[in-house]
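Let's take a walk through a protein chain together. Have a look at the sequence and the 3D view, and then we'll go from one small spot to the whole picture.

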Amino acid sequence: MSLLVVDDEAELREIICEVLHDLFPTIQEAADGQLALECLQSDKNKEIKVVISDIRMPRLDGLGLLAWIKNNRPDIRVALITGFSEIAESKSAADL
């Protein structure tokens, strides 16, 4: 089982990967939602079963990524994180 960490802040991605490296044999990183989407669409990444993603990112945000995952890879578990307290975004994520 592999993990994909998605955040536009490289330092935060590094911290998350460091903290979780004992739980996941393989951890991949993506700097935004579009790169994460491309990673998940690749046949070689079918072992990714967990995604930790920021909500606010350029190109494709975490909510857009979550919607794609729910429609195309429902076997993946998703945890969304954010540095902002946005009740509307949290509700949108919960509704997906």
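**Starting from one loop**

Find aspartate 8: it sits in the loop that links β1 (2-6) to α1 (10-20). Keep in mind that you're looking at a predicted model. Is aspartate 8 buried or exposed? Neither, quite: its relative accessible area is 36%, and buried would need under 20% while exposed would need over 50%, so aspartate 8 counts as partly exposed.

Aspartate 8 has company, too. Together with Glu9, Glu11, Glu14 and Glu18, Asp8 forms a patch of negative charge on the surface.

Now slide over to isoleucine 15, which is part of helix α1. Which residues join Ile15 in a nonpolar surface patch? They're Leu12 and Val19, and the patch the three make covers about 270 Å².

Time to zoom out. How many helices and strands does the chain have? You can count four of each: four helices and four strands. If you trace the chain along its sequence, strands and helices come in the pattern β-α-β-α-β-α-β-α.

What about the chain as a whole? There are 96 residues, and 40% of them count as buried. The accessible surface adds up to about 5,600 Å², with carbon and sulfur atoms providing 53% of that.

Finally, think about who touches whom. Take the contacts in the chain with a separation of 6 or more: 70% of them are between residues 24 or more positions apart.

How values were computed: Residues are numbered from 1 along each chain as its sequence is written. This is a predicted model: local features need pLDDT of at least 70, side-chain atom pairs count only at pLDDT 80 or more; totals for chains, interfaces and linings use all residues. Side-chain values use heavy atoms; hydrogens and water are left out. Patches are made of residues with over 30% relative accessible area and no salt bridge: like charges are joined within 9 Å, nonpolar side chains (Val, Leu, Ile, Met, Phe, Trp, Tyr) within 5 Å. Accessible areas come from the Shrake-Rupley method with a 1.4 Å probe; for residues, only the protein chains shown count as cover. A salt bridge is a side-chain nitrogen of Lys or Arg within 4 Å of a carboxyl oxygen of Asp or Glu. Lys and Arg count as positive and Asp and Glu as negative; His and the chain ends are not counted. The place of a charge is taken as NZ of Lys, CZ of Arg, CG of Asp or CD of Glu. Helices (H or I, at least four residues) and strands (E, at least two) are DSSP runs, numbered from the N terminus. Buried means under 20% relative accessible area, exposed over 50%, partly exposed in between (1.4 Å probe, protein chains only). Contact means heavy atoms within 4.5 Å.
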